[in-house]
Amino acid sequence: MMRHLPALTNGLTFIVAAAVGFVLIAATLLPTTGPLPDIEQGVVFGLLLILYNLDGGCRSRRKRPIVRISISALTILLTCRYLDWRLTDTLPFGFGTINIALGILLVLAELHGIGSAIMGQIINVLPLDRTPQHFTLDPASCPTVDILIPTYNEDPEIVETTVIAATQIDYPASRFRVYILDDGGTDAKRAKPGAAGREAARRAETLREIARKFGAIYLTRPENVHAKAGNINHALGQIDGELILVLDCDHVPTRDFLSRTVGFFQADPKLFLLQTPHNFVTPDPIERNLSTFEVMPAENELFYHVMQPGLDFWGAAFFCGSAAVLRRHVLDEIGGISGKSITEDAETTVKAMCRGYRTAFYNRPMVSGLQPETFSGFILQRVRWAQGMMQIFMLDNVWLKSGLTFMQRLLFTNFAFYWLFPISRSILLLMPPLFLFFGFNVAATTPRQLLVYALPYYLAALVNSQYFYGRVRWPFISQVYETAQTVFLSAALVSVLRRPRAPKFKVTPKGEMLDKDFISGLSWPFYWLFALACASLGIGLWRIVTQPQLRWALIFVVFWVVLDMIALLGVIGALAERRQTRTMPRIGCKGPAWMHRDGGGWVEAALHDLGRGGAGLVLAAGTEGPQPGDRVRLHVPGLRGGLPAVVRHRKDGARNSIIGLQYVSDGVAEARAAVDRAFGDSELLVRNAALRHRGTSIAYALGFLFAIGLRGTARHFRILARDAAITLRVSRQRRALLASSRQAEENGGQKARLAPLS
């Protein structure tokens, strides 16, 4: 029986899919002026659940095309019927001007979310999963490659790690060169008087030495014009490779980057761009401050592991600024990297597509990158993305360009449209308080209508999101990220809508050190929003008791407020910045390891993580091993000769001991070995990503978000209380010192007056 189970499952899937088709055909014959009858909406949602479970739910990696299409079609059907009801039956006409205006605003906010969701269905219906194109690493046939590493003000140690990895990529040595493009040490910067000029000169000399030491080429330019785009374009005039690999200075490449990507260009002469995922080995500020980095998928996983493969199917994968290979002669043809907007990467993609060139996305992590350490750095990055995409739409409108397909135009418009979410999110945050405090009627509906029409749509949207995105994005976590950005991006979007050419490129800070826990200076708007939500919850509960005729409508709005409060708890928890003293990243790594103590024997351990500057090891409980300050040599598989290190800390627990090692050699060979062992193997990155790509239930995700938000918010206010106590103590000390000083002055004055009498 078990041998025939796959065939039985496939047959059942076919039967269910056929039933879905009949329902869809029947639905198209129904009148379009009203929602589906109760029973039919239930049937559609029931079919959606059956298909979801038949295809493995959120935990399955491979989704069958017929099921993907059916689930998308059913969800869109329920969405359209919900919209039909909202637009024809629920707008509060006849309830006064303010109610009408607020009701229209709420519908517009919903339309933004629904539009984004439908575009998500279109993008992801049949994602393209590419495999590498085979080619031989023969110097006679390999195209030449220039690896460009633009840098501005980042720590030279971060740049050095990327340079080391880039110079030891598995590719014929005579066919590639590595360039450091230094925009922090330009001629103009070095010529500045005083400390600024001296610092620029020191930086330039440091990067020149890194280039000399590891076999790269140092380039700078007269002045910093057009930011990163200008930096790369200046380099284009001094290099001649057939292909260009662009790496942000904190994106450490694996050994096989070129061997897995160059073949795509040999197979397709019209291919301009091959983008790969931005894989981060450090958490973003929200993940770090809420301690979720190793627990759930990263926020960027949805874009790189779901959206980009979907865009690739439609011929619309686009350049993301780093971890991408580009064809040089196409760059020359379009005038280099575009600099009209502050998202030069997406703009460059559009220009190449207009000339008939193709793009592709290869979904394999092959860089180890850094995220911004602070919430302010995170917001700076997102403001640039939001403003840049709006700039492209306003200054370089894809609908006015020739050479693009309809789907390319639609999908690039969608990405600009998506970044309006801060405005729609602001409306959704403010509507419940307006209803609960002032009684504004923003939707003319009844409890039964909400149950029959709204509930199936909301549940279908959740199930659909779980099916397509559940492995890389847990339910409700998007609300935390969007709420965290809403206040600041709203103002940024208004500014770019008023003056599209005004925004300037600002580099996202990376490698920052935080010497203590502290509260982000961007916290105050969220205190007000959370206080408003708490007050709304209180007034809502009071009105449920005192106004039984509105009970069900009030329950619906109170539930809405509770969801907003959970998201705000997560944001407030994320605004309590954690101490960060390690500038160099570590990557999780499992496997055997051995330490050899100077003048001692061997100690067996297990790897926990590896980095450029050190390693973390785990010893079995009771193992006698090195103590802090001891010198050892670390040996791991794939590392010849071992690396000299010193034990920086040891933490003994009931089950094991954790050892922290810091490498102590500055030799070129040891540095190359450390970087290669930690970051050179893309299989390690694939395994680590797979560990985080695990789905969870909707109920668990909501409970998890509430728990981490509550814990993070408690920590936030403990830090506030600590800082307030320190401020109070310092204030008392200052007052006491001032009083003592005044007393001394008074005593001195009295003595001066008595002196003549004596």
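**Exercise 1. In this predicted model, determine whether Asp345 is buried or exposed, and which side chain of opposite charge is nearest to it.**

Solution.
Step 1. Asp345 is buried, yet it has no salt bridge.
Step 2. The nearest side chain of opposite charge is that of Lys228, 5.9 Å away. A salt bridge requires a side-chain nitrogen of Lys or Arg within 4 Å of a carboxyl oxygen of Asp or Glu.
Step 3. To place the residue, note that Asp345 belongs to helix α13, residues 344-354.
Step 4. Beyond its neighbours within four places in sequence, Asp345 is in contact with Phe319, Cys320 and Gly321.

**Exercise 2. Establish how many residues of α13 are buried, and what they pack against.**

Solution.
Step 1. Ten of the eleven residues of α13 are buried, and the helix is thus mostly covered.
Step 2. Among the buried residues are Glu344, Asp345, Ala346 and Val350.
Step 3. The elements against which the buried residues of α13 pack include the helices α8 (227-236), α12 (328-334) and α14 (375-395), and the strands β6 (271-275) and β8 (358-361).
Step 4. Just after α13, Gly356 adopts a positive phi of about 90°.

**Exercise 3. Identify the residues with the most contacts inside the largest nonpolar core, and the helix that gives the most to this core.**

Solution.
Step 1. The largest nonpolar core holds 91 residues, and Ile286, Phe318 and Phe526 have the most contacts inside it.
Step 2. The greatest contribution to this core comes from helix α20 (residues 551-574), with twelve residues.
Step 3. Another core, of 69 residues, lies apart from it; Phe135, Ile149, Val163 and Leu639 are among its members.
Step 4. With residues up to four places away in sequence not counted, Phe318 touches several residues, including Leu273, Phe303, Ala346 and Phe415. Ala346 is one of the buried residues of α13.

**Exercise 4. Ala227 and Ala323 each have a positive phi. State where each residue lies and whether it is buried or exposed.**

Solution.
Step 1. Most residues other than glycine have a negative phi.
Step 2. Phi is near 50° for Ala227 and about 60° for Ala323.
Step 3. Ala227 is situated in helix α8, whereas Ala323 is in the loop between α11 (301-313) and β7 (324-327).
Step 4. Buried means under 20% relative accessible area. Ala227 is buried because its relative accessible area is 16%. Ala323 counts as buried because its relative accessibility is 0%.

Definitions and conventions: Residues numbered from 1 in each chain as written. Predicted model: local features only at pLDDT ≥ 70, side-chain atom pairs only at ≥ 80, totals over all residues. Heavy atoms only, no water. Helix = DSSP H or I, 4+ residues; strand = E, 2+ residues; numbered from the N terminus. Buried < 20%, exposed > 50% of the residue type's maximum accessible area, 1.4 Å probe, protein only. Lys, Arg positive; Asp, Glu negative; His and termini not counted. Contact = heavy atoms within 4.5 Å. Core = buried A, V, L, I, M, F, W, Y, C linked by side-chain atoms within 4.5 Å.
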